[in-house]
Amino acid sequence: MSVAAVDQEHRVTPRELFFDLVFVFAFTQVATLLANDPTFGGIGHGVLVLGALWWAWSAYAWFTNTVDPEEELVGAALLVAMIAMFIAALVVPGVFGDEGVLFGAAFLVVCAMHAGLYALAGRGSPDLLGAVLRLAPWSLVGATLILVAGFTDGARVWIWIAALACTYGGAVWTGSAGWRIHPAHFAERYGLVLIIALGEAFIAIGIGATGTGIGLGEVVAAILGLLVATSFWLAYFDFFAIRGEQMLGQARGPARVTLARDVYTLFHFPMIVGIVLFAFAMKIVVGHVGDELDTVAAFALCGGIALYLLTYSAIRTRVERKFHVSRGRFTAALLLLALLPVATIVPALAALALVAAVWIGLHTYEFVWWREARAESRSALAALPSTRGA
């Protein structure tokens, strides 16, 4: 049995979507970790765990972009990796407690299987095999360090930081030569995982309302929360998702790979962090609509959305190779950061309403300012099917 790299563009398959289901649960578990430790230290722990989960998901997204996910061996391997990832997700709330070893062992299995499968797929392509062999040691050392961290106590956080620096640093330092990217599949895959993360916001709203009396305040908070979650979605899919696929399609060779790595694998991570922080905040807001938010919850609510919006300016700076902010989104992010102290002195429902108002103002601005750019992108997208095999 063998795994072969494919040369043609392909769409996301049901098997890939099934594999992604484990990350729905994993993101929910990170929100649980934050709820169990609602401190800035807890947020730091959550970001570290998200970094590991994001690497695992991205690694397999790159892999299934290169091979046919419907091959029998690939399907069996994805199932085993999904089981290992599910075990890791089960113990996320206790990963900085007594469950660190189990998480590390399961995560190491996920990374080792990925390296082995990718190497198998690269046997017929020396360039691809060379790229895999350059990256594999960094990924496996990072996963091993996470396992080692489970046996420690005082130095656990620092070992985690070293592990993620090794993993992500290796992805940058080993270069882009040899890797393959099919733009339409790749962009679609990352758009879908963003929707998965947004699903956590919906779950958080429901969990926040559990065990409380559902009154008018809770209903209004739920509606506002759903509107804000929709705003996350609209900010991505109204323009960026289309433009991102176009940029990947227009780039060639190592430039395409580097763009995919930077814009999607690296810069989508803070987007996911921002969404998960918002989901954590929504649990608190819906459950305590009349209370003032503490500093941590206010930071998660305002700072999480600000981080999400600021990421678009970071992406624009990377693409244009010069500092260039997205005016509307950068301004909205600054307004949200300015609202942070206000969110600690007004009822949680009022803080959420102010956040929703900032989103509405941003969308109004973009609908007017980006009208022509959105029309041009949609016209160009209509022509993409004939060129997706490029």
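Author: A salt bridge is a side-chain nitrogen of Lys or Arg within 4 Å of a carboxyl oxygen of Asp or Glu. The model here is predicted.

Reader: By this rule, how many salt bridges does the count come to?

Author: The rule asks for a nitrogen of Lys or Arg and a carboxyl oxygen of Asp or Glu within 4 Å. Asp-20 and Arg-189 make one such pair, with closest N and O atoms 2.5 Å apart. Arg-261 and Asp-262 also meet in a salt bridge, at 2.8 Å from N to O. By this rule the count is seven.

Reader: How many residues apart in sequence are the parts that Asp-20 and Arg-189 tie together?

Author: Asp-20 sits in helix α1, and Arg-189 sits in helix α7, residues 183-209. Their salt bridge therefore ties together parts of the chain whose separation in sequence is 169 residues.

Reader: Are Asp-20 and Arg-189 buried or exposed?

Author: Buried means under 20% relative accessible area, and exposed means over 50%. Asp-20 and Arg-189 both fall in one class: buried.

Reader: Which residue joins Asp-20 and Arg-189 in one network?

Author: Start from the salt bridge between Asp-20 and Arg-189. Salt bridges that share partners build a network from this pair and one further residue, Glu-16.

Reader: Which helix holds both Glu-320 and Arg-316?

Author: Glu-320 forms a salt bridge with Arg-316, and their closest N and O atoms are 3.2 Å apart. The two residues are four apart, about one turn of the helix. That helix is α11.

Reader: Is Glu-320 buried or partly exposed?

Author: The limits are 20% for buried and 50% for exposed, with partly exposed in between. Arg-316, its salt-bridge partner, has a relative accessible area of 32% and so is partly exposed. Glu-320 has 33% relative accessibility, so this residue counts as partly exposed.

Reader: Which element gives the largest share of the lining of the largest pocket?

Author: The largest pocket holds about 510 Å³ of space. Its lining has 19 residues, and among those nearest its centre are Arg-316 and Glu-320. The elements α8, α11, α12 and α13 each give two or more residues. The largest share, five residues, comes from α11.

Reader: How many charged residues are in the lining of the largest pocket?

Author: The lining can be sorted by residue type. Eleven residues are nonpolar and three are polar. The charged residues number five.

Reader: What is the volume of the largest cavity?

Author: The structure holds four cavities of 30 Å³ or more. The second largest has about 60 Å³ of space. The largest has a volume of about 220 Å³.

Reader: Which element gives the largest share of the lining of the largest cavity?

Author: The lining has 15 residues, and Trp-55 and Trp-62 are among the closest to the centre. Helices α2, α4 and α9 each supply at least two lining residues. The largest share, four residues, comes from α2.

Reader: How many polar residues are in the lining of the second largest cavity?

Author: Cys-111, His-114 and Ser-139 are among the lining residues. Seven of the lining residues are nonpolar and none is charged. The polar count is two.

Reader: Which element gives the largest share of the nonpolar patch?

Author: Phe-18, Leu-21, Leu-79, Ile-83, Ile-87 and Leu-102 form this surface patch, with about 540 Å² of accessible area together. Helices α1 and α3 each supply at least two of its residues. Phe-18 lies in α1. The largest share, three residues, comes from α3.

Definitions and conventions:
Residues are numbered from 1 along each chain as its sequence is written. This is a predicted model: local features need pLDDT of at least 70, side-chain atom pairs count only at pLDDT 80 or more; totals for chains, interfaces and linings use all residues. Side-chain values use heavy atoms; hydrogens and water are left out. Patches are made of residues with over 30% relative accessible area and no salt bridge: like charges are joined within 9 Å, nonpolar side chains (Val, Leu, Ile, Met, Phe, Trp, Tyr) within 5 Å. Accessible areas come from the Shrake-Rupley method with a 1.4 Å probe; for residues, only the protein chains shown count as cover. On a 1 Å grid over the protein atoms alone, a cavity is a set of points where a 1.4 Å probe fits but cannot get out, and a pocket is an open set with protein on both sides within 12 Å along at least five of seven lines; lining residues have an atom within 4 Å of a point. Grid points are joined across faces, edges and corners, and a volume is the space filled by probe spheres set on the points. Ala, Val, Leu, Ile, Met, Phe, Trp, Tyr, Cys and Pro count as nonpolar, Asp, Glu, Lys and Arg as charged, and the others, Gly among them, as polar. Buried means under 20% relative accessible area, exposed over 50%, partly exposed in between (1.4 Å probe, protein chains only).
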